[in-house]
Amino acid sequence: MAGWEAVVLTRNLLPLACLAAVAVLTPGPAAALDQPQVIGEPFASVYPKKPYARNIWVMRLFQGRLYLGSGNSSTEPPAANAGPVPVMVYDPVKKRFEQEGLLKEEQIDRIVTIGKTLCIPGHDPTENWTLGNVHCRQEDGTWIKYRTLPKVIHAYDLTEYLGAMVAGVATEDGAALGVSRDHGQHWAVGPVGYGRTYSLMTVAGQLYAIKVFVPLYKFIKDPDRNYAVAEIGDNWAPIRRRDLDQLEMFPNTEFKDEKWRKIIRVVESGEGAFYIGANEHNDHQSLPFGLYHATSLQRGTTHVTRIPLPPRALPWDIVEYRGILYILTNEPVVGASYSAVHDANPDSNNPPARLAVFQSQTFARSFAVDDGGFYFGLGCEAYRAVENAPLSPLCGQLLRLPHVIDPPPQ
């Protein structure tokens with residue numbers, strides 16, 4: 001994808017709160033709008049008076065069923081600390097929603113595949129801070145809670161590396177990395193410096209723990225403390241990579257503010273990794289600003305490119321399915337949003353091509369892909385910490401758009 005880096009994007013990134021000031025956009029020349037079907041509102045009965053907690057933060061297809069995450073871990077309104085959170089599943093064969101469990105968490109933010117099962121890192125436990133959680137699904141559909149992460153307040157990410165289960169976490173003392181060699185029964189937790197470990201990413205066989213990219217003035221004031229990326233070295237020791245700052249990790253991006261930024265939605269593909277750059281928002285939440293591809297983070301040979309997307313189109317989710325990268329974007333219009341899916345060959349220099357687009361009153365926050373098409377989780381966002389913040393009544397709807405998914409190239 002080296003050809004993507006030649007595209008320099010300097011667009012003004014507008015939040016969805018500024019919809020009223022944005023000129024009406026069209027979804028592209030001669031583009032026909034698709035019409036997804038509404039499957040249902042899986043969390044309406046769970047949060048009848050808390051629309052913000054109905055946000056479908058994440059969805060994951062597993063064994064033909066769609067797993068959905070909801071809730072709200074922010075300590076600010078609306079819907080502050082909305083746990084416990086159900087593990088809700090949509091069965092496309094039975095065409096119904098089922099609840100597999102109830103987690104003592106304020107929010108389900110990540111659902112990952114570990115080995116042959118699903119696991120959910122304990123994003124914000126409703127219990128005390130003596131131990132943190134990892135929840136894993138059993139073959140019979142029950143969920144086991146491993147409350148074994150010592151002194152962990154938040155577990156944000158989970159992956160496998162060198163035969164171990166690895167968790168990106170936050171303790172009372174700061175960012176940390178948890179390592180378990182017995183599938184979560186026991187953990188060794190070591191510090192990674194200031195902040196919180198939000199994401200884990202493997203590039204060219206090397207694991208990186210990624211915290212928060214602090215505003216430039218803070219980084220200059222205390223560069224030893226405020227590094228965002230740690231390379232995981234021998235014996236799981238973090239190596240400070242102060243060279244991997246926001247200019248390196250978010251290239252060809254114009255920043256006009258001093259916001260705290262992080263990496264979300266990591267998708268590892270081949271030797272590289274795709275990810276979305278986002279501004280911190282509403283405590284643990286995020287507002288995206290760009291899509292990036294890292295093929296090397298080795299010192300002296302760093303190679304990160306920004307993937308070009310249509311003007312004003314913000315990436316909200318990415319999925320790799322059958323060797324193809326699928327990208328969910330949203331373009332704000334007056335009183336609505338155009339949600340679109342694009343695809344790209346991860347090994348090609350060609351820019352993403354749009355496959356489908358639909359208009360809705362609100363944006364699509366998450367999506368999933370199977371052989372028959374796309375699922376979308378409609379979202380909403382609050383820009384004021386008040387209970388009566390204006391939120392779309394469609395927040396939390398699950399949509400389905402049939403589409404022929406081409407097989408990967410031979």
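These are my notebook entries on a few spots I looked up in this predicted model.

**Ground rules.** Residues are numbered from 1 along each chain as its sequence is written, and side-chain values use heavy atoms, with hydrogens and water left out. As the model is predicted, local features need pLDDT of at least 70 and side-chain atom pairs count only at pLDDT 80 or more, while totals for chains, interfaces and linings use all residues.

**Entry 1: strand 7.** I started with the hairpin. Strands here are DSSP runs of E, at least two residues long, numbered from the N terminus. Strand 6 (112-114) and strand 7 (117-121) make a hairpin with two residues between them. Gly115 sits in that turn with a positive phi of about 65°. The two strands run antiparallel and are joined by three bridges; Thr113 has Leu118 as its bridge partner. I count two strands as paired if DSSP finds at least two bridges between them. On to the next partner: strand 7 also pairs with strand 8 (residues 131-137), antiparallel, over three bridges, and there Pro121 is bridged to Val134.

Is strand 7 buried or exposed? Five of its five residues are buried, so strand 7 is largely enclosed by the rest of the structure. Buried means under 20% relative accessible area, exposed over 50%, and partly exposed in between (1.4 Å probe, protein chains only). In a regular strand the side chains alternate between the two faces of the sheet. I checked both faces of strand 7: Thr117, Cys119 and Pro121 are buried on one side, Leu118 and Ile120 on the other.

**Entry 2: the cores.** A nonpolar core here is a set of buried Ala, Val, Leu, Ile, Met, Phe, Trp, Tyr and Cys residues joined through side-chain atoms within 4.5 Å. The largest one has 32 residues, and Met59, Leu66, Tyr67, Ile108 and Leu398 touch the most other members. Strand 7 turns up again, since strands 2, 3, 4 and 7 are the elements that give two or more residues to this core. Strand 4 gives the largest share, five residues. I also found another core apart from it, of 21 residues, including Tyr321 and Phe358.

Then I looked at Leu66. Contact means heavy atoms within 4.5 Å. Leaving aside neighbours within four places in sequence, Leu66 has contacts that include Met59, Met88, Tyr375 and Leu398.

**Entry 3: Gln37.** This residue belongs to strand 1 (residues 37-40). Gln37 counts as partly exposed, because its relative accessibility is 46%. Not counting residues up to four places away in sequence, Gln37 touches Leu398, Leu399 and Arg400. Its C-alpha atom is 6.4 Å from that of Leu401, although 364 residues separate the two along the chain.

**Entry 4: the sheet with strand 22.** Four strands form an open sheet in the order 22-23-24-25, with antiparallel pairing. Why do strands 22 and 25 each have one side without a neighbour in the sheet? Strand 22 (314-321) and strand 25 (353-360) stand at the edges with a single partner strand each, so one side of each is left free of a neighbour in the sheet. Seven bridges join strand 22 to strand 23 (residues 324-333), and Asp317 stands opposite Leu328.
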